[in-house]
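Here are some exercises to work through with the structure open beside you. Try each task before you read its solution.

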Amino acid sequence: MNQRATGENAVSRRTALMGLSAGAAAALWCAAAVPRAMAAGEDAGVESASEAVEKTQYGFLVDTRNCVNCQKCVAACRKANNTPDGTPARREVRLFESHFGAKAYLSYGCMHCEKPACAEVCPAGAISKRADGIVVVDPERCIGCKYCYQACPFSVPHYTKDGMDKCDCCLGAGVAPGDEPNCAAACMFGALHYGRLDDLQSSCGNTARKVESSTGPSYLLL
């Protein structure tokens with residue numbers, strides 16, 4: 001269950017949950033069914049200002065047609081967040097392969113899920129989801145139990161001497177919420193984009209597919 005995709009290996013069972021191999025990179029191998037739209041809420045009442053804030057969600061759009069595995073996003077992430085050598089960067093580029101042999105690279109990190117499983121299982125309350133949708137970790141509270149790793153469908157959490165570590169959209173590196181994190185800024189090929197999910201979807205003519213999981217990842221794929 002903890003197997004990870006490395007090098008030229010085919011996608012593992014866990015990463016297959018993303019739905020990429022089922023056709024998220026459809027332009028590269030075969031057409032796939034567009035995910036069903038979320039059902040509208042039954043209550044049509046007027047939402048409060050706080051509820052409107054809670055619906056703000058920043059995330060990533062990855063154009064797998066443009067990613068060439070140059071590793072610039074990984075290097076920028078590592079530098080900005082002072083990730084020590086020998087410690088996994090908060091971002092990595094993974095290779096995915098379809099049943100037909102077609103390959104696609106995906107710049108990959110925390111997906112800042114709508115319902116983060118990591119936060120639900122954390123016994124120390126070290127993981128929280130901000131009003132802007134960014135999922136953050138408090139290293140002062142993390143006890144290193146690794147329950148979050150077991151709960152995450154995408155094997156994102158990793159650990160340093162200070163506890164669990166993962167992408168925070170470069171908040172800890174001084175990037176303001178909503179501003180472009182260092183990984184996206186470093187991409188030279190238009191493969192990695194960041195912003196409000198609805199804006200990202202609109203920017204590609206609503207053709208991007210959302211990574212599918214019960215946790216509601218804030219990751220769009222072309």
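**Exercise 1. Find the residue just after α4 that takes a positive phi, and then work out which face of the helix is buried.**

Step 1. Go to the end of α4 in this predicted model. Just past the helix you meet N82, whose phi is positive, at about 55°.

Step 2. Now step back into the helix and pick out its buried residues, which are C73, V74, A76 and C77.

Step 3. Look down the axis of α4: these buried residues fall within an arc of 165°, so they line one face of the helix. A general rule helps here: an α-helix has 3.6 residues a turn, so residues three or four places apart point the same way.

Step 4. Ask what lies over that face. The cover on the buried residues of α4 includes the strands β2 (92-97), β3 (103-108) and β8 (192-196), along with the helix α7 (182-186).

**Exercise 2. Locate V68, decide whether it is buried or exposed, and name the surface patch that it belongs to.**

Step 1. Place V68 in the chain: it sits in the loop that runs from β1 (58-62) to α4 (72-80).

Step 2. Check its accessibility. The relative accessible area of V68 is 48%, so this residue counts as partly exposed.

Step 3. Look for its partners on the surface. V68 forms a nonpolar patch with M188 and F189, and together they have about 310 Å² of accessible area.

**Exercise 3. Trace the salt bridges of R90, and say which residues they join into one network.**

Step 1. Begin with the total, which is 6 salt bridges in the structure. As general background, side chains of opposite charge can pair when their charged atoms come close.

Step 2. Take the pair R90 and D165, whose side chains meet with N and O 2.8 Å apart. R90 lies in the loop between α4 and β2, while D165 is in strand β7 (residues 163-165), so this bridge links distant parts of the chain, 75 residues apart.

Step 3. Test both partners for burial. R90 has a relative accessible area of 16% and is buried, and D165 is buried too, at 15%.

Step 4. Add the bridge from R90 to D168, where the closest N and O atoms are 3.1 Å apart. D168 is in the loop between β7 and α7, so this pair ties together parts that are 78 residues apart in sequence. D168 is buried as well, with a relative accessible area of 14%.

Step 5. Compare a pair elsewhere: E92 and R94 form a salt bridge with their closest N and O atoms 3.1 Å apart. E92 is partly exposed at 29%, whereas R94 is buried at 2%.

Step 6. Put the network together: R90, D165 and D168 are joined by salt bridges that share partners.

**Exercise 4. How many disulfides does the structure hold, and how far apart are the cysteine sulfurs you would check?**

Step 1. The count is 0 disulfides. For C113, the nearest cysteine sulfur is that of C110, 6.5 Å away.

Step 2. Do the same for C122. Its closest cysteine sulfur is in C145, at 5.9 Å, which is too far for a bond, because a disulfide needs sulfur atoms within 2.5 Å.

Step 3. Check burial. C113 is buried, with a relative accessible area of 9%, and C122 also counts as buried, at 17%.

Step 4. Finish with C152, found in the loop between α6 and β6 (158-160). At 10% relative accessibility, C152 counts as buried. C152 and C110 are 42 residues apart in sequence, and their C-alpha atoms are 9.5 Å apart in space.

**Exercise 5. Which residues does Y147 touch, not counting those up to four places away in sequence?**

Step 1. Find Y147 in helix α6 (residues 147-151). Its relative accessible area is 49%, so Y147 is partly exposed.

Step 2. List the contacts, which are V121 and P123.

Step 3. Set sequence against space for one of them: Y147 and P123 are 24 residues apart in sequence, with 8.3 Å from C-alpha to C-alpha.

Note on methods:
Residues numbered from 1 in each chain as written. Predicted model: local features only at pLDDT ≥ 70, side-chain atom pairs only at ≥ 80, totals over all residues. Heavy atoms only, no water. Patch = residues over 30% accessible without salt bridge, like charges linked within 9 Å, V, L, I, M, F, W, Y side chains within 5 Å. Areas by Shrake-Rupley, 256 points an atom, 1.4 Å probe, with all protein chains shown as cover. Salt bridge = Lys/Arg side-chain N within 4 Å of Asp/Glu carboxyl O. Helix = DSSP H or I, 4+ residues; strand = E, 2+ residues; numbered from the N terminus. Buried < 20%, exposed > 50% of the residue type's maximum accessible area, 1.4 Å probe, protein only. Arc of directions from axis to C-beta. Contact = heavy atoms within 4.5 Å.
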